[in-house]
Structure formats: C-alpha cells, structure tokens
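Let us walk through this structure one stop at a time. Keep the sequence and the 3D view side by side.

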Amino acid sequence: MSDTFPPPVTGPGRPGTLRRDAVLAAALRRLHRRLGPGTCAAYLVSEDGRELRAAMSVDTSLGFTVPPAIPADAVELATAKAFRTGELAVFGPVERERAERLNPTLVLYGPFPFLLASAPLCTARRRYGALSLRWMPPREVGRDELALLRSVGDEVAREFDALADAGVPVTVPPVPRFLSVPPAGPRPPHDPTASGGHEDDAVDELGSTAYLYALQKLTSALAAAVLTRDVVAITGEQLLRPFGGRALMLCLAEEGLLRVVGATGFSREEVRRVDGTPLSRATPETDTVTDVRISFHSTPGEIRRAGTGARRDPDVGTRVHVPLISGGRVVGACVLEFPAPGRGLGFEERAMLMMMLEQVGQSLARARSYEVKQVLAQTMQRSLLPRTLPHLPELLTTARYFPANEGAEVGGDWYDVLRLPDGRIGLVVGDVEGHTMDAVGVMGQLRSAVRAYAAEGHEPAAVLERTNRLLAGLESELYATCCCVWLDLATGAARTASAGHWLPLVGEPDRTEHHRAEPHRTEHHRADPGGPASGQPACTRPEFDRPASGRSSSGRSDSGRSESRRSESRRTEQVVGPPLGIDTGAAYRQTASVLRPGSVLALFTGGLLQARRLGTDAALARLADLLREGAGENLEVLADRLVGARLTHRPPDDDTALLLVRYEGARPGQRQRVADVSVHRHDLQGVGHVRRFLREHLRDWELTALFDDLELLASEVVTNALVHADSAVDLRLRECADRVRVEVRDTDPRPPVPSAVLGTGRAEEEAESGRGLVIVDALAADWGSSPSGRGKTTWFEIGIPR
C-alpha cells in the first residue's frame with residue numbers, strides 16, 4: 001500500500017460538484033420512489049479507470065451495505081458489466097454465487113438474498129459509471145421497471161456530457177453522499193426563486209449513515225494492516241479525506257517521548273519539530289497526550305502562539321489535536337489540518353472522529369508492537385550470521401539472507417565460512433525446522449557446534465555426526481538439515497557431506513554443460529572420536545543434486561521419469577544422510593570432487609528454490625540454468641539475480657539463505673592480490689587512513705595511475721557508511737586480471753527502529769544523501785550495493801589500462 005495519497009478532488013464549492021450531486025440526487029430519489037429498492041446507489045469511474053466507486057446512495061436502513069468500490073473490469077458483477085457493455089445487467093442468485101466464488105469479500109456487503117439491476121451511465125462519447133439497485137428479498141422486476149432504470153441512466157449520462165462539454169470533469173467524491181428518503185405524500189409547490197431549487201436537486205450533508213459507512217470501511221481496512229506504514233496510509237485514505245482534511249500526523253508516546261510514526265501533508269521541518277519531543281514539555285501535541293485534551297487552532301496566529309511552528313504555506317487553515325486511545329489509555333496524538341480557516345467540528349463529527357481514531361490508536365499500537373518484536377527477533381537471528389566473510393586471493397564470496405513472508409516470525413536458516421586448521425576453507429549452510437524463536441536458538445547452537453568441531457580438524461562427515469548427537473542431547477523437538485564443504489584453496493579439492501540438505505550446485509562459465517551428471521567418489525566415513533578421518537581420496541567433480549527423496553514436493557511419485565533420473569537419485573541417496581536430530585546413530589558419507597578455477601559454487605536453503613510452486617526438479621533445473629548462465633558475471637550481480645528469481649510470482653514461503661563462492665584458484669599468468677583495512681565507527685579521520693592504505697598498495701602493485709579515481713570513490717563510499725550506517729567499516733581491495741575491485745562493508749549492531757513514514761518531502765533528502773553515489777556512478781566501470789551478512793556491501797570496479 002502506498003505511503004501517500006492524493007488530496008480530495010472535490011469539495012462543497014468545487015465547480016461542477018453541486019450540479020453533479022443534484023443530477024444524481026434527482027435520479028436516485030426518482031428510482032427509489034418508483035421502484036422501491038432496498039438500496040439505490042450511483043457509481044462513478046475513478047480517475048485511473050480501474051474502479052467504479054460509490055458516489056451517492058439513498059439513506060435506507062441497509063444503505064451502509066453498498067460496496068464502496070468495484071473493479072471496473074469485473075464483468076461477472078452487474079455494475080461493472082453494465083459499465084463495460086453499455087447495457088442493462090441483472091444479477092440474480094446464480095450470478096451472485098459465481099461472483100462470490102471469485103471475490104469472497106462480496107459476502108460482507110450482501111449477507112442476505114437479493115436481486116440487483118444495473119444501468120450504465122454512458123453516451124456514445126463517454127462512460128461515467130452505473131446506477132445499481134438491490135431488492136431484498138428478491139422480487140421479479142418487470143420490463144417497464146427495467147426500462148425506467150435504463151431511461152434514468154441515459155438522462156444522467158446526457159447531463160454529465162453537458163458538464164464535460166462545459167469543461168467541468170465529472171469526478172468521484174472522496175466519500176459517498178447519502179440522501180435522506182423524501183417523505184410520502186404530496187410535495188410542496190416548487191419555488192423557482194428558492195436558492196436550493198427543487199427538493200430533488202437538494203443534497204444532504206454527511207449524516208449518520210455516511211459516518212457508519214466511513215467507520216465500517218476504516219475498520220475493515222485496519223483489520224488487515226500489519227505495519228505502521230499500512231496504518232498511516234489507511235488512516236489518510238479513510239479518515240483524512242472524508243473529513244475534508246489536507247494534512248495528518250500520527251504520534252505515539254514511547255519512553256517519555258512523543259514519536260511521529262507517520263505523517264503526510266506536513267512539512268519535514270514540522271515533523272522533525274514534533275518527533276522526539278519530551279512529554280514533560282508543554283506543546284499542543286504533548287498536552288493532547290498528558291491532559292487528554294482536544295484543541296482547535298483556527299488561524300495562523302493561533303497556531304504560532306500555540307507553539308506549533310509556522311508553516312511555509314501562509315494559507316494555513318484549522319489545526320486540530322486529538323488524543324489516540326487504545327485499551328482505555330492515551331497512547332498518542334493525532335494532528336489534523338483543514339484548508340479552511342475557522343473549520344470546526346460539530347458534535348456528530350467529533351463523536352465519529354473519536355470512534356475512528358480509537359480504531360487507529362489500537363491498530364498503531366498493535367503494528368508498533370509487531371514491528372518491535374520483529375526487529376528484535378530478526379536482529380537476534382542476523383547476529384548469529386557471520387559479520388563478514390573471509391577476504392582471500394583464491395576465493396570470492398558473497399551471501400544473502402531473507403526471511404519468509406511478512407506474516408512469519410523468524411527462521412533457523414544459516415550460512416558460514418570457516419578457516420580450518422589445515423588451511424582449507426569450510427563452507428556451511430543449514431536450516432532448522434520452523435519459524436519460531438526456538439528455531440533461532442537451535443540454529444545458534446548448531447552453528448557454534450559446527451564451528452567447534454571443524455576447529456578440531458574433523459572432516460565434514462565427522463562434523464555432521466557429532467552435531468547430530470549434540471542436537472539429540474539437547475532434547476529439542478526440532479530437526480535440522482545441514483551441508484558442509486571443505487575446500488582446498490591450492491588444488492580446488494573439495495569434500496562434501498550433507499545431512500538431509502540440498503547438495504551444492506556448481507557452474508562454470510567456460511563449459512556448455514552443467515556438471516551434475518558426472519561420476520564422483522563416495523567416501524564411507526567412520527567417525528574417529530580421537531581426531532579427523534585419515535586418508536586423502538582422489539577427487540573428481542561432484543554431482544550436485546537434491547536431498548535423498550523418491551518423491552516430488554507435491555507428494556507425487558517420480559516413477560514416470562527416466563531410468564537415468566532414477567539412477568541419479570539413487571546415487572544422491574547414498575551421499576545425503578538423514579537430517580540432524582532424527583537418528584542419533586546415523587552415519588554420514590562424503591564425496592570428493594575438484595573445482596576448476598572460475599567455478600561458482602552455490603550453497604542454499606529451500607526458500608531459494610520455491611519448490612512448492614515449481615516442483616523440486618523444475619526448481620533445481622531453473623536454479624542450475626541461472627547459475628550456469630551467470631557464472632562469469634560479477635558475483636554480487638549473480639547473487640541478486642538468483643535471489644530475485646524466487647520473487648517472480650509471489651513472496652517466498654520459506655526463509656532464504658544463499659552462500660555464493662567463486663573459486664579463483666591458481667590461474668597461470670594471473671596475479672591475485674588482496675588487501676583490507678578497517679575503520680572504527682564514527683572515526684571520520686579514518687578516511688585519511690583509507691587514502692594512505694590505497695596509495696601504498698597501488699604503488700606496490702604498480703597501479704598508481706588509478707589512485708586519483710580510487711581515492712575519490714573510496715572516500716565518498718566510506719564517508720557515507722560512517723555517517724549514515726553508523727557502524728564500523730571494512731574496505732577490501734582486490735586486483736583482478738583487468739580491473740581493481742573495492743568493497744566497502746558496513747554493519748550497524750543496533751536494531752533498526754522504524755522511523756516516521758513521510759508522505760512528502762522525501763525526494764529532497766534522498767537527493768542530498770545520494771550525491772556521493774552520483775560520483776561513483778560517473779567514475780566507476782561498474783558498481784552496486786547488496787545485503788551481506790549483518791549489513792551491506794557497496795562495491796565498485798575500475799578498469800586497469802592495458
């Protein structure tokens with residue numbers, strides 16, 4: 001949902017509004033008198049043409065059940081069908097049942113039997129909307145009655161054509177107008193000198209039904225809101241516009257301060273003035289909370305004297321401060337601004353405003369609590385991930401981690417890169433069952449166990465056996481999967497073992513086939529409690545496939561596949577052992593393989609596959625294709641592509657962890673040099689140290705011609721990280737065959753507390769903070785920014801002149 005919303009497009013005095021309303025009022029009252037429907041409403045098409053929105057309704061006992069909006073292309077509904085086809089449309093029990101299957105929300109507006117008839121509001125030149133009548137209970141509607149409905153619709157359309165020809169657009173009002181039912185009996189004689197015209201032309205002000213209608217829409221929308229920004233956007237759309245306001249600010253009292261959690265229409269200066277105000281300080285906003293006070297300031301002078309600050313706009317109107325109530329206590333304040341000076345709120349308006357703001361206050365408190373809980377849980381989860389990955393000449397690494405759908409809590413996915421005692425590198429990825437804090441706790445214990453057993457010098461299979469026994473000893477009801485790869489940087493030799501987890505995928509940019517069908521050697525490992533397994537087996541390229549399973553993710557048997565596929569699955573079953581925590585006596589096997597220089601290895605968890613949607617085999621094939629096609633690309637770009645592919649159709653249904661490694665190896669005739677430097681948080685003088693670091697290494701590498709550009713780019717990116725990320729900064733320098741690459745990694749250990757949602761003024765701030773990246777974009781051959789571990793990595797590359 002958008003954080004902003006457009007201002008009201010109509011108002012009581014807007015040209016054409018009164019005539020539009022008078023035409024609709026006369027038509028609806030005539031139809032109500034003659035045909036006696038239970039509800040009688042007019043719909044007008046929205047400015048973007050996507051919806052038919054309720055513009056006016058007769059105020060009957062069921063008038064508030066009129067649907068607020070109907071998709072303009074939903075031709076299974078009578079109103080949209082009449083609008084689209086230009087013909088009468090009748091909606092009976094059969095059509096209603098079909099429509100409710102396609103759109104279950106229709107039940108909310110018609111939990112009773114009815115018959116609906118709609119007439120288009122269209123001419124040969126324009127389409128405006130439709131008139132819709134419902135009879136409850138259903139009755140037979142004669143041809144003469146339908147003819148009258150069509151005739152009235154045509155008359156309204158012609159009147160609208162006249163308005164359009166006069167240059168007056170026919171637009172939808174912010175909220176529907178509700179008409180009182182004319183009393184029965186003879187009407188008084190028409191007085192042409194009266195200012196209001198005939199009673200059929202009169203349009204009532206907002207009445208009780210209109211308020212009930214607005215309250216129902218607001219409550220329904222807030223019930224589905226999860227985040228603070230959702231509540232802010234809904235409040236603006238469903239509350240600010242109906243009351244004719246132009247600016248809104250929502251504040252919550254937190255730890256003795258008043259925090260702005262959302263604003264639109266107010267200047268950024270005013271939002272900053274209010275945000276963080278101590279409740280002990282006397283301001284209109286804090287007094288609203290501490291004294292439970294509703295206050296009105298009707299002129300710019302009153303606003304300035306009240307201490308609310310002067311707006312840049314001299315035409316400031318009325319400002320209203322209202323407390324937000326939730327659970328019987330004041331939780332914050334709402335500030336509304338109206339464009340008209342002296343705008344007051346009547347008794348009914350005040351009562352309805354407080355009822356609506358009570359719903360807003362409860363929703364804000366719920367959303368804020370949810371966000372704080374999520375921030376703490378995700379911060380705990382991310383704190384268990386590696387802060388940074390090794391920086392080695394033979395190995396390029398990057399990683400991604402994303403939680404599942406917004407509704408889930410947290411998960412137990414993790415990845416790790418270990419420096420082993422014998423100089424090898426350990427690559428680990430795992431997944432604990434579930435999306436709970438228990439899963440996060442078990443994940444932290446397993447990650448520590450894997451690191452400890454690897455530090456003792458054990459091979460992958462032995463590490464999994466010991467970790468499996470540890471998990472069983474924890475008496476946890478959760479199980480986990482894990483895959484370990486030990487890689488020799490000098491030779492590319494790798495040993496892989498898996499406990500119920502997907503085996504890695506490998507891609508090579510200089511080969512046309514993906515290496516998943518070539519033979520590999522399986523080691524029958526026996527655990528050695530005294531130390532690592534002995535013996536160095538011969539190594540070949542691995543077969544990378546799925547975990548041991550003879551069934552697809554949908555549960556259907558794979559018996560219809562080819563014999564080669566069954567053979568391939570059997571080989572995989574031999575090397576993928578059971579998940580951790582299932583069988584305390586499980587023995588794990590490991591495969592030996594060799595990676596060629598330039599190979600890219602991908603270790604991942606199930607969220608990257610989206611197997612529930614695609615099926616296991618199809619998901620693996622898609623991922624393998626993406627890896628093979630992009631194996632020669634920048635590793636950060638490739639990681640973003642692999643992660644982005646899982647979002648093609650819908651959000652992921654599981655957490656996603658991806659560890660991507662490019663093995664550079666020892667390529668003949670190619671220099672591979674790396675260096676790194678760190679800058680402490682808030683140490684802006686460390687930028688000078690970064691410059692000296694670059695100068696020294698570029699001189700040693702005989703690349704001084706690149707110093708000026710690299711110095712400028714690195715200074716901009718490091719300074720930006722120190723100022724805006726508020727964290728320590730690591731800078732990594734790598735010499736490649738034809739370019740020099742710089743990575744700036746930052747991480748902020750503090751939880752990212754949600755800030756105010758602003759509907760205006762954001763472009764100016766973004767332009768101010770993004771000027772350094774403009775320089776990077778102008779000078780670098782390539783650059784980007786990606787999430788990495790607990791923070792992010794901003795990287796750029798400059799080509800080496802031949």
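**A covered strand and its neighbours**

Strand 14 (residues 395–402) pairs with strand 24 in the antiparallel sense, over 8 bridges. This is a predicted model. In that pairing, Leu395 has Tyr663 of strand 24 as its bridge partner. Strand 24 also pairs with strand 23 (residues 599–604). These two run antiparallel as well, joined by 6 bridges. Here Ser599 stands opposite Tyr663. Tyr663 is thus a partner of Leu395 and also faces Ser599.

How many residues of strand 24 are buried? Strand 24 spans residues 656–663, and 8 of its 8 residues are buried. In a regular strand, side chains alternate between the two faces of the sheet. In strand 24, Thr656, Leu658, Leu660 and Arg662 point one way. Ala657, Leu659, Val661 and Tyr663 point the other way. Both sets are buried.

**A histidine in a loop**

Now move to His458. This residue sits in the loop between helix 12 (437–455) and helix 13 (460–473). Is His458 buried or exposed? His458 counts as buried because its relative accessibility is 4%, under the 20% cut-off. Its side chain makes a polar contact of 2.8 Å with the side chain of Glu456. Another polar contact, at 3.5 Å, reaches the side chain of Arg466. Leu420 is 38 residues away from His458 in sequence, yet their C-alpha atoms are 9.3 Å apart.

**Salt bridges**

The whole structure holds 35 salt bridges. One of them joins the side chains of Arg125 and Asp161, at 3.5 Å from N to O. Arg125 lies in the loop between strand 5 (115–122) and strand 6 (127–135), and Asp161 in helix 5 (residues 143–165), so the pair ties together parts 36 residues apart in sequence. Arg125 counts as exposed, at 53% relative accessibility. Asp161 counts as buried, at 7%.

Arg451 forms a salt bridge with Asp416, with the closest N and O atoms 2.8 Å apart. This pair also links distant parts of the chain: Arg451 is in helix 12 and Asp416 in strand 15 (residues 412–419), 35 residues apart. Arg451 is partly exposed, at 37% relative accessibility. Asp416 is buried, at 2%.

Last, look at Asp738. Asp738 forms a salt bridge with Arg739, the closest N and O atoms being 3.0 Å apart. Asp738 is partly exposed, with 47% relative accessible area. Arg739 is partly exposed too, at 28%. Which residues share a salt-bridge network with Asp738? They are Arg739, Arg741, Glu743, Arg745 and Glu797.

Definitions and conventions. Residues are numbered from 1 along each chain as its sequence is written. This is a predicted model: local features need pLDDT of at least 70, side-chain atom pairs count only at pLDDT 80 or more; totals for chains, interfaces and linings use all residues. Side-chain values use heavy atoms; hydrogens and water are left out. Buried means under 20% relative accessible area, exposed over 50%, partly exposed in between (1.4 Å probe, protein chains only). Helices (H or I, at least four residues) and strands (E, at least two) are DSSP runs, numbered from the N terminus. Two strands pair if DSSP finds at least two bridges between them. A polar contact is a pair of N or O atoms within 3.5 Å; within protein, one must be able to donate a hydrogen and the other to accept it, and residues adjacent in sequence count only if both atoms are side-chain atoms. A salt bridge is a side-chain nitrogen of Lys or Arg within 4 Å of a carboxyl oxygen of Asp or Glu.
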